[in-house]
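Have the sequence and the 3D view open side by side as you read. We will take a friendly tour, beginning at a single contact and working outwards.

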There are 2 protein chains.
Amino acid sequence: MPHRDTSIETIQQEMTAFARRARASAARMHPELSLVSYTLLAHLDDQHGCRATDLAAHYLLDKSTVSRQIAALEKLGFVERRVDPDDQRVQVLHPTKKGAEVLANVTASRRQAFHERLADWDGGDLDRFAMYLQRYNAAQDRLD
Amino acid sequence: MPHRDTSIETIQQEMTAFARRARASAARMHPELSLVSYTLLAHLDDQHGCRATDLAAHYLLDKSTVSRQIAALEKLGFVERRVDPDDQRVQVLHPTKKGAEVLANVTASRRQAFHERLADWDGGDLDRFAMYLQRYNAAQDRLD
DNA sequence: AATCGATGGTTGTATTTAGCAACTCGTGTG
DNA sequence: CACACGAGTTGCTAAATACAACCATCGATT
C-alpha cells in the first residue's frame with residue numbers, strides 16, 4: 001500500500017474519532033449552549049444578523065430544526081428577531097446583549113481548551129494544521 | 001493578536017465545522033450503519049472481539065447506550081455474543097461474517113470518499129495532515 | 001386587481017441517540 | 001454466608017433532527 005493511502009487512512013480514522021467525541025465533549029463543557037446552538041449564535045454574531053433560512057442553508061440543517069433551535073435561543077433571551085420592514089416574511093435574527101455575552105464566555109472557554117490542547121505545538125505546525133483543516137473543509141463544502 | 005492565536009482560532013472553527021457535519025454526512029452516505037455503529041463494529045473487528053464495557057470506556061458512552069447499539073447490531077446479524085466460560089457475566093462481542101462484510105464495504109466507500117476529497121493533495125501535505133490529526137486527538141485523549 | 005407560484009417560517013409527528021436510575025445476575029472476599 | 005462489586009439490561013426521559021403539512025407574504029402574470 002503506497003504511503004499516500006496510509007496517510008488517507010489515518011486522516012479518515014482520526015477525523016472520525018474526532019467527530020464522534022466533539023458533540024459530547026462540547027455538551028459536557030458547556031451545558032448552557034449545545035454545539036449547534038453555539039454555532040448558530042456565533043454565526044449570527046459574526047454576520048451581524050441573518051435569516052433562519054440562511055442558517056439552514058449554511059449548516060445543511062432542515063429549516064424546522066433551525067426554527068426550533070432559534071426558538072430555544074430566543075426563550076433563553078440569547079437572540080431577538082427583527083421583522084424586515086421591506087419583506088414581512090423575513091425575520092432578521094440578532095444576538096441580544098445577553099446572548100453576545102454568553103457567546104463570548106463560551107468562546108473564551110473553548111479557546112482556552114484549544115490552547116491547552118495545542119500548548120506544546122510550535123507556530124509553524126499550528127499554522128500548517130490550520131491551513132490543512134481549512135482546505136479539507138472547503139473541499140467537503142464543494143462535494144457534500 | 002499573535003499569529004499563533006489566529007491559527008488556534010482557525011483550528012477551533014474548522015474542527016467545529018467538521019464535527020457538526022460529520023454525523024449527518026455519514027448517515028447520508030451509509031444509512032445501514034450510523035457513525036456510532038460503524039465505530040463500534042470497527043473496534044470489535046480490529047480488537048478481534050471485546051466486551052461491551054470496554055467499548056463504553058473507550059468511547060466514553062454510557063453502558064446502556066452501548067447495550068442498545070449492540071442489541072441493534074445483533075438484530076441486524078452484524079455481531080454475535082460469546083459468553084466467557086471463565087466469567088458468566090461477560091459477553092465477548094465479535095463481528096459476524098456478515099458484519100465483517102458490511103464493515104468492509106462501508107470502510108471501502110468511506111475510503112473512496114476520502115480519496116476524492118483529498119485527490120489534489122500532495123503526499124507531503126497528506127502525511128503532515130495525518131500526523132497533526134493524530135497528535136491533536138492524542139492530546140485530547142489525555143485531557144478529556 | 002385577482003390569482004398563483006415561490007419563499008420564509010412554524011408546527012405535528014416520528015426517529016435516533018443518549019444519559020441516568022433501577023434492576024438482575026454472577027463473582028469473589030470478608 | 002452475606003454483601004459489595006462488576007457486567008449488562010430495561011424503563012424512562014430529553015435533545016436533536018428530518019419530513020411533511022401548513023400558514024403568511026411577496027412578486028409576477030394575466
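Let us begin where protein meets DNA: a polar side-chain atom of Arg89(B) lies 3.4 Å from a base nitrogen of DNA strand D. Such a pair is called a polar contact, meaning two N or O atoms within 3.5 Å; within protein, one must be able to donate a hydrogen and the other to accept it, and residues adjacent in sequence count only if both atoms are side-chain atoms.

Before going on, a word on how to read the names and values. This is a predicted model, in which local features need pLDDT of at least 70 and side-chain atom pairs count only at pLDDT 80 or more, while totals for chains, interfaces and linings use all residues. Residues are numbered from 1 along each chain as its sequence is written, chains are lettered from A and ligands numbered from 1 in the order in which they are written, and side-chain values use heavy atoms, with hydrogens and water left out.

**The two DNA strands**

Here are some polar contacts between side chains and DNA.

| Residue | DNA atom | Distance |
|---|---|---|
| Thr53(A) | phosphate oxygen, strand C | 2.6 Å |
| Ser64(B) | base nitrogen, strand C | 2.8 Å |
| Arg68(B) | base oxygen, strand C | 2.8 Å |
| Thr65(A) | phosphate oxygen, strand D | 3.0 Å |
| Gln69(A) | phosphate oxygen, strand D | 3.2 Å |

DNA strand D is surrounded by 24 residues, and the closest are Gln88(A), Thr53(B), Ser67(B), Arg68(B) and Arg81(B). A residue is near a strand if one of its heavy atoms lies within 4 Å of it. How do the atoms of DNA strand D within 4 Å of the protein divide between sugar or phosphate and bases? Sugar or phosphate accounts for 59% of them, and bases for the rest. The surface near this strand D has 5 nonpolar, 9 polar and 10 charged residues. In this sorting, Ala, Val, Leu, Ile, Met, Phe, Trp, Tyr, Cys and Pro count as nonpolar, Asp, Glu, Lys and Arg as charged, and the others, Gly among them, as polar. At least two residues of the surface near DNA strand D come from each of α4 of chain A, α3 of chain B and α4 of chain B.

DNA strand C also has 24 residues around it, of which Arg51(A), Thr53(A), Lys63(A), Arg68(A) and Arg81(A) come nearest. Of its atoms within 4 Å of the protein, 58% belong to sugar or phosphate.

**Two copies of a chain**

Two copies of a chain are related by a rotation about an axis and a shift along it. In this model, a rotation of 179 degrees with 0.1 Å of shift along its axis superposes chain B on chain A, with an RMSD of 0.2 Å. That is the relation of a two-fold axis. In chain B, the C-alpha nearest the axis belongs to Ala19(B), at 2.3 Å. The fit is by least squares on the C-alpha atoms of residues with pLDDT of at least 70 in both copies. The copies meet through the same surface, because 100% of the interface residues of chain B are also interface residues in chain A.

**Inside one chain**

Chain A has 6 helices and 2 strands, in the order α-α-α-α-β-β-α-α along the sequence. Helices (H or I, at least four residues) and strands (E, at least two) are DSSP runs, numbered from the N terminus. Of the 144 residues in chain A, 44% are buried. Buried means under 20% relative accessible area, exposed over 50%, and partly exposed in between, using a 1.4 Å probe and protein chains only.

**A helix with two sides**

Now find helix α3 (residues 52-59) of chain B, where Leu55(B), Ala56(B) and Tyr59(B) are buried. They cover an arc of only 100 degrees around the axis, which puts them on the same side of α3(B); the arc is that of the directions from the helix axis to the C-beta atoms. Which residues are exposed on the other side of α3(B)? Those are Thr53(B) and Ala57(B). The cover over the buried residues includes α1 (3-29) of chain A and, from chain B, α2 (35-47), β1 (50-51), α4 (63-75) and β3 (91-95).

Just after α3(B), Leu60(B) takes a positive phi of about 55 degrees. Most residues other than glycine have a negative phi. Leu60(B) sits in the loop between α3 and α4 of chain B and is partly exposed, with a relative accessible area of 47%.

**A buried arginine**

Finally, look for Arg110(A) in helix α5 (residues 97-117) of chain A. Arg110(A) is buried, with a relative accessible area of 6%. Not counting residues up to four places away in sequence, Arg110(A) touches Ala26(A), His30(A), Leu35(A), Tyr38(A), Gln12(B) and Thr16(B), where contact means heavy atoms within 4.5 Å.
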